[in-house]
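Work through the exercises below with the model open, and try each task before reading its solution.

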Amino acid sequence: MTRTSAVPTSRSRPLNLDKIGPSLAKHALLILGAAVAAFPFYWMITTSFKEFGEAAKSPPVLWPTSWHLENWVEAWQYPHTLWANAFANTIFIASMTTLGELTTSVLAGYAFARMRFRGRGVLFALLLATLFIPTEATIIPNFVLMSRRYLGWYDTYTAQIVPFLVSIFSIFLLRQFFLGLPQELHDAARIDGAGHLRFLWSIGLPLVRPALVTVSLLTFLNAWNAFLWPLIITSRPEIRPIQVMLVQFTTEGGSRYHLLMAGAAFVILPTLVVYLIAQRYFIEGIARTGIRG
Amino acid sequence: MAAEVIPAKIRVASRRRRIFLENFEAYLFLAPALILIGLFQVVPGIAAFVMSLTRWGVIYERWAWFENYAAILDPSGARFGEFVNALGVTVWYVLLTVPIEMAIALIVAFVLYQGTRGRGAYRVVYFMPYITSVVAAATIFEWMFDANFGFLNYVIGLVGVGSQAWLREPRGIFQMIGSAFGAGLPDSFAGPSLSLVAVSIFTIWHFIGFQTVIFLAGLTNISRELYEAARIDGARERQILRRITLPLLSPTLFFVGIIATVGAMRSFSQIYVLTNGGPLDTTRTVPLLIFHTFFERTAVNGIGLGAAMSFIFVLIIIAITLFQFRVLGRRVFYD
Amino acid sequence: MGTMRRVLLVTTIAAILVGACGPGPQTAPAASTDADISLTAPVEITLWHNQTGVLAKAFNDLVVEFNATNGKGITVKAEDQSSGNSYTGIYQKMLGAIQAGATPEMVVAVENQVADYAKAGVIVELDPYINSPKNGLSKESLADIYKPYLESGKYPQYGNKSLSFPFVKSLEVLYRNDDLAKELGFTAPPKTWDEFEKQAKAALKTDATGKATRWGVSIFSIDTWLGQVMNRGGSIVKADLSSVGFDGKEGLASLQLLERCVNEGWCYIPKGFDWQDRFAEGNLLYVGATSTSIGFIIDTLKGKPLNWSVVPWPDAGAAAKQIQFGGVVAITKTTPEKQLASWEFLKWFSDSKQTARWAAASGYMPLRASAANDQALKDYWAKRPQSKQAFDLIPGSVAGPSIRGYQEIRDSISEMETKITTKKAKAEEALAAAATRANTALKDNK
């Protein structure tokens, strides 16, 4: 879908709010909303630099009187929190998951979109049906599956990666994109004797690049924010990812808010940076999921 | 290419072979995804169902057929009370989040679509809460809700309202408001606890950007010629809204409504991190009850009961979704 | 698929699951005759514990020393498995490990958790080891260990067998701000609960707006309440485990004291551990808390010259009882060699020198009376007289029941106290609700 960049003329706007309130009111509303959305982040950053007493003062101090950069160092070096490990672990796990998920969803999405095979409709419907399997219940069997008696992946990286190498949402998204490719492309490739794989590699993938970026970003983000499963499936602190480390940190840090906010910042800032750079892909990817009749 | 006379049998056989190869190739493409889904979702799903038919505490005890289901649904049993309680909390949670999220997101999307300057920048800011991890955001919000020096208490203090315990307040808000005016409401009308309201505030903050973006996309999808034509015909704002915008937006509204409702019902991470079901179980939604039954009361048939609870819950979700399709789906306008 | 295949599939899965699990329910832990073997080859064992921060370091130092000096080729690997959630964290981990067939050789827990593990049949009985002629404890050694600690290691639901050994023990004590007490004119600690209430009320001070700035007491921990019930002559659970005992008149009186203090404002309702800040500021006359808090109070004081001490609980006639609690270690069933190696570690750790050293490093109570002769511990007590005051109370202490379901009973009391502090219910109502919930737990866990 091409993004409309031109401002709609007053005649073609869905609702002419100019009659209801002047431009100023509109902006006031939006700014208020934006302030609410952004305030927690603002608070996190400023508090992380505050002096201990100031962080927990009433009435709240909106601008630090003194900037203590050493808070970040103290939080990073806090005993028994292995931030560096956690970062490395999470980057590793997230990257592997993203690569894997891209692969499976491209292959599966393409197959559903462009390949004719027996049972396609039924299989697709079954795929939809699996969305209704209660995830609350499958945690325990999955946990048992990871045990020594079966896969033996308890307390490993593998357990944190492999179950997430597939996502029904990504399959749907890629399928949507592949369906959008013109049939002529396929026919031309077929005549030239190219098989599905070759077509996919040289023509299909480059054309669905926006979807690939979206899937990568969302998968990476989900892996970064993963919390519950890593918590129960790992026990060694060295292989734990960053959200679990943050929980450990907040429990140990107690009420030292200046340090807690620094810890939260460690965890949030990387995603914020990636988000700000690639926000177009994030947002449009999400938007696309809503455009279905 | 010279036309060769190929015997019919060979032609059919070679075509069948081609079709077989194509099928094979397709399943090869699907294999990774199917194996993974099968192994980590379908098999555990079946296993969970089998578990729900057993008495299973720390270890497997015995086969129990549908005893667990009966225990949960038996009005005179102890399990029934806590399950119904959790359902009630879940319903309140949905009511406190979904309509408000959608309303705010809709208004913001409308205003943004007006071609406001800096629309892109606003969109980016509004979407930020959605990408932050629940654990990290909850840390920040725990401070905001703090009873002694939280920002929210400061703000309400400015308008003369006393400090509240927010996340730790188990009293129902209706009862609290009522007693502020001297009226004592009976316990059954206490309403959702202030703690649940606090968790809902967090959820709304988290999801507004997400829904705004989808509504915005939905609005963008409506052909502008329709508006031009309507205005040329002299239609007024209210009529445009009612006759054009809302109907054409209804598929998106419907879609978001369903997703938001199911999402709210299954919501877990943020409640777990913020309150873990407390205080006094007033934020213990069904997913949290299931989690507690599995992981904290494991020893007393925790696994059997927990599994049964989750399947009962899935049926309820399906029922509610079907209901939404039936009742609201009828009013969705497809062009 | 066809019905036959469906049945086969379900049966196969069920069989796998059933096969995946340990022995049947309610097996009492099998008696082990392996206590008298010798270790011939190096053994490596893992211990799951919940020590964090500086305590973890002190503990690790001890473990390293054991590994270096045991001379039997035993290497202990100690892991903090609490995930920031102390005993509950290890408990959840352990339950998962039992399901996954991946349990450590030793696990730290509280008694009711060991009772749950034992139901799965994974815990080794310790009596053969304690009484082993070759590797056990001598009669003198056994007598040296405080009886309450050994008693809590016996499990009534399993024929009173010993299933755990004491590890990190504390007691619930009453701290007093002596300076404030002197200022208010009280020199002797209160002898009765009424006197206690009077003294606490006298400490209340409010500012111009009516907000309290000084409180009489903070007594909202579960063990403080249970201690109060016992000191008034009541019990937590009846001896035959048929029902709870805290819902009698002693329990009501105890809860009503809390209710009064909340309504009249002379008690401080803590959020987490912030009562330590209030106490250090000099704004709390009495606090009921664990003996482990001594170190934290000293830290919070940061050298401020406050005179404070541990005083005995008031008693309404019965002998004052402290509640003792804390972590124990249980050994899981593995191989005879690993089990013996684990026992050797426990023996060493609880020996006089180590227990004194651990107590001096951690603030936990030593496990043996003879530890009082250790110089390192004496020096520690010279700097922290409060620890010695708590230590003197160990012989008269009792533990909560070591039964399955005790956690739920504690949860019901915690819920009850929350109702009182948030003024959501009256004392009678809250007490009755707690008793109902606790009795259900007792029944479920028979």
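The exercises that follow treat a predicted model.

**Exercise 1.** Describe the contact of chain A with chain B: how many residues does each chain give, and which helices of chain A take part?

*Solution.* Start with the counts: chain A contributes 78 residues and chain B contributes 87 residues. Next, assign the side of chain A to its elements. At least two residues each come from helix H1 (23-48), helix H4 (83-114), helix H6 (135-145), helix H11 (209-224), helix H13 (242-253) and helix H14 (257-290) of chain A. Last, sort that side by class: 51 residues are nonpolar, 18 polar and 9 charged.

**Exercise 2.** Set out the domains of chain A and state what domain 1 of chain A brings to its contact with domain 2 of chain A.

*Solution.* The domain assignment splits chain A into domain 1 (23-68) and domain 2 (83-290). Their C-alpha centres are 33 Å apart. At the contact, 8 residues of domain 1 of chain A meet 9 residues of domain 2 of chain A. On the domain 1 side, H1 and helix H2 (52-55) of chain A each give two or more residues, and H1(A) gives the most, with 4 residues. By class, this side holds 5 nonpolar, 2 polar and 1 charged residues.

**Exercise 3.** Why can chain C be called as compact as a globular protein of its length?

*Solution.* List the secondary structure of chain C: 19 helices and 12 strands. Then compare radii: the radius of gyration of chain C is 24 Å, and the globule rule gives 22 Å for 446 residues; the two are close, so chain C is as compact as a globular protein of that length. For burial, 49% of the 446 residues of chain C count as buried. Finally, take the contacts in chain C between residues at least 6 apart in sequence: 74% join residues at least 24 apart.

Technical notes
Residues are numbered from 1 along each chain as its sequence is written. Chains are lettered from A and ligands numbered from 1 in the order in which they are written. This is a predicted model: local features need pLDDT of at least 70, side-chain atom pairs count only at pLDDT 80 or more; totals for chains, interfaces and linings use all residues. Two residues are in contact if their C-beta atoms, placed from the backbone, lie within 7 Å. Ala, Val, Leu, Ile, Met, Phe, Trp, Tyr, Cys and Pro count as nonpolar, Asp, Glu, Lys and Arg as charged, and the others, Gly among them, as polar. Domain bounds come from an automatic or database domain assignment. The radius of gyration is taken over C-alpha atoms; the globule rule is 2.2 Å times the number of residues to the power 0.38. A residue is buried if 20 or more other C-beta atoms lie within 10 Å of its own, exposed if 12 or fewer, and partly exposed in between; C-beta atoms are placed from the backbone.
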